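Please look through the structure shown below and keep it in view while reading. The text goes from the whole chain down to single residues.

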Amino acid sequence: RPRVLSGMRPTGRLHLGNYMGALYNWVQLQHEFNCFFFIADLHALTTEYPDPKGIAGSTDQVALDFLAAGLDPKLCTLFVQQDVPAHAELNLLLGNIVPVPWLERVPTYKDQQEQLKEKDLATYGFLGYPLLQTADILLYQPRYVPVGKDQEAHVEITREVARRFNQLYPGSFTMAEGAAPWELEAVKTKARKLSGDPKKETFSPHELIAAAPQTKLKSAYGTHTILPEPEVLLTPSPKLPGIDGRKMSKSYKNTIMLSDPESEVRSKLKVMVTDPARVHRTDSGNPDVCPVFDLHKVFSTDETQQKAAEGCRSAGIGCIECKGWLTDAVVETLAPIQERRRHFERNPSLVEDIFHDGAIRARARAAETMYQVRSVMGLRQPR
Ligand code: TYM
């Protein structure tokens, strides 16, 4: 199955934007693809320094949110970035081929410096953020990266870096050459047998593929570029608005958390901005410019959406009523998520085991890529 990779920074609990923009997609994709999902704790350091503000604690919260959202460790691999040191290693290796201006022109570089004026973000780590993300992605050679709209530029630079890598280390690469020596020996022995020549030393990729023992290995022994360019996958709501109508984001303090109790969801939505032109209850409104209606489109049934849109246009309903319907729909979406969260909160060692197993699987997959990358870059393999 083709691979999928995505991650989230541990900046506290996750919000509805994270869910509708990415997590929701992940939960569907785990049934179809070989998915790797991780908590990007090293990324948190780029903006959370020097005050650590409990990155480790936030990581635990995000782990709970992953499982609460419905990610199933039997279907996908869940892990924490720091548990797979190859992320940092590939970041370092790719640092040698990425031109600095590529990083400087990533839109989030300037935007975030503007947004977080109180911090000195003129650091090497912050400039290198998209390259670390590139390494996160390419390490798993995925076909798809399911993220929200704000991450599209990061996937774009990932594709550019992959393209450059494949140009600098050109041509297709027979993975048999990059396979672990013991694996290759076993395959060669089989290939000798198949050819009827017990002394045969040189093999075509074709012969190696035919000799590879399992289906999994068969694809691995095919020829391919080392770092294929992944594609971005967006959900239907890749930019969910928050309470103030801007993109829902922790840094704007306009979020509804996946773990917010009903009373909190209700009071947050009560003050959510609406169509600014609808000043009085008796004015007719325009749902097309109303952030509350944007949320209706995501959370409410078609019937409720229609009722809300018609009521708004004809001034038949007030914003309070419209928000009440929305609250019901959001609370309904959150109920099963919160139920699962409570289950995992009661079983912290279960969560730890899940992420421990995931780290083992992720390290094994990452090791395959690193083996190939080191080979073509002319490095020795560490013993
Ligand atoms: P982060 O942690 O800011 O966000 C995690 C995911 O949630 C999506 N998202 C939203 N989607 C729709 N509407 C919103 N209001 C909204 N807010 C957040 C984001 O687009 C993202 O998909 N750099 C990444 C983390 C990362 C990563 C990676 C992602 C590190 N390495 C490798 C993919 C692959 C980030 O800061 O996302």
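How many residues of domain 1 are in contact with residues of domain 3, and how many of domain 3 with domain 1? The answer is nine residues of domain 1 and eight residues of domain 3. To place this contact, some background on the whole protein is useful.

The model is a predicted one. The protein has 383 residues, and 39% of them count as buried. Its secondary structure consists of 18 helices and seven strands. Measuring along the principal axes is a simple way to describe extent: here the C-alpha trace spans about 90 × 40 × 40 Å. Among the contacts in the protein with a separation of 6 or more, 77% join residues 24 or more positions apart.

The chain is divided into three parts, domain 1, domain 2 and domain 3. Domain 1 is made of several pieces of sequence, 3-171, 230-238 and 347-377. Domain 2 covers 173-219, and domain 3 covers 262-345.

Now return to the contact asked about above. The C-alpha centres of domain 1 and domain 3 lie 32 Å apart. Nine residues on the side of domain 1 touch eight on the side of domain 3. On the domain 1 side, the elements that give two or more residues are helix 3 (55-69) and helix 18 (348-377). Helix 3 supplies the largest share of that side, four residues. By class, this side of domain 1 has seven nonpolar and two polar residues, and no charged ones.

The next step is to look at how helices pack. Helix 16, residues 302-313, packs against helix 17, residues 319-345, with the two axes 10 Å apart. The angle between these helices is about 165°. Angles over 145 degrees count as roughly antiparallel, and helix 16 and helix 17 are therefore roughly antiparallel to each other. Their crossing is left-handed. In this contact Thr304, Ala308, Gly311 and Cys312 of helix 16 meet Cys322, Trp325 and Ala329 of helix 17. These residues divide into five nonpolar and two polar, with no charged residue.

Helix 17 also packs against helix 15, which runs over residues 291-299. Here the angle is about 35°, and the axes are again 10 Å apart. The crossing of helix 15 and helix 17 is left-handed. From helix 15, the residues Val292, Leu295, His296 and Phe299 take part. From helix 17, they meet Cys319, Cys322, Lys323, Leu326, Ala329, Val330 and Thr333. By class, this contact has eight nonpolar residues, two polar and one charged. Cys322 and Ala329 of helix 17 appear both in the contact with helix 16 and in the contact with helix 15.

What kind of phi value does Ala315, in the loop between helix 16 and helix 17, have? The phi of Ala315 is positive, about 60°, although this residue is not a glycine. Ala315 has 14 C-beta neighbours inside 10 Å, so it counts as partly exposed. Another residue with a positive phi is Gln141, where the value is near 45° and the residue is again other than glycine. Gln141 is found in the loop between helix 8 (129-138) and strand 4 (144-146). Is Gln141 buried or exposed? Gln141 counts as buried because 21 C-beta neighbours lie inside 10 Å, and the cut-off for a buried residue is 20 or more.

Two residues inside helices complete the tour. Asn25 is placed in helix 1, residues 16-29. This residue is buried, with 22 other C-beta atoms within 10 Å. Leaving out residues up to four places away in sequence, Asn25 touches Pro146, Leu233 and Thr235. The C-alpha atoms of Asn25 and Val147 are separated by 8.5 Å, although the residues are 122 apart along the chain.

Ala191 is placed in helix 11, residues 181-195. It is buried, with 21 other C-beta atoms within 10 Å. Leaving out residues up to four places away in sequence, Ala191 touches Phe203, Glu207, Leu208 and Ala211. Pro241 is 50 residues from Ala191 in sequence, and the two lie 58 Å apart in space, C-alpha to C-alpha.

Notes. Residues numbered from 1 in each chain as written. Predicted model: local features only at pLDDT ≥ 70, side-chain atom pairs only at ≥ 80, totals over all residues. Axes fitted to C-alpha atoms, helices over the stretch in contact; angles between N-to-C directions. Parallel < 35°, antiparallel > 145°, perpendicular 65-115°, else oblique. Left-handed = near helix turned anticlockwise from the far one by under 90°. Contact = placed C-beta atoms within 7 Å. Nonpolar A, V, L, I, M, F, W, Y, C, P; charged D, E, K, R; others polar. Buried ≥ 20, exposed ≤ 12 C-beta atoms within 10 Å, placed from the backbone. Domains from an automatic or database assignment.
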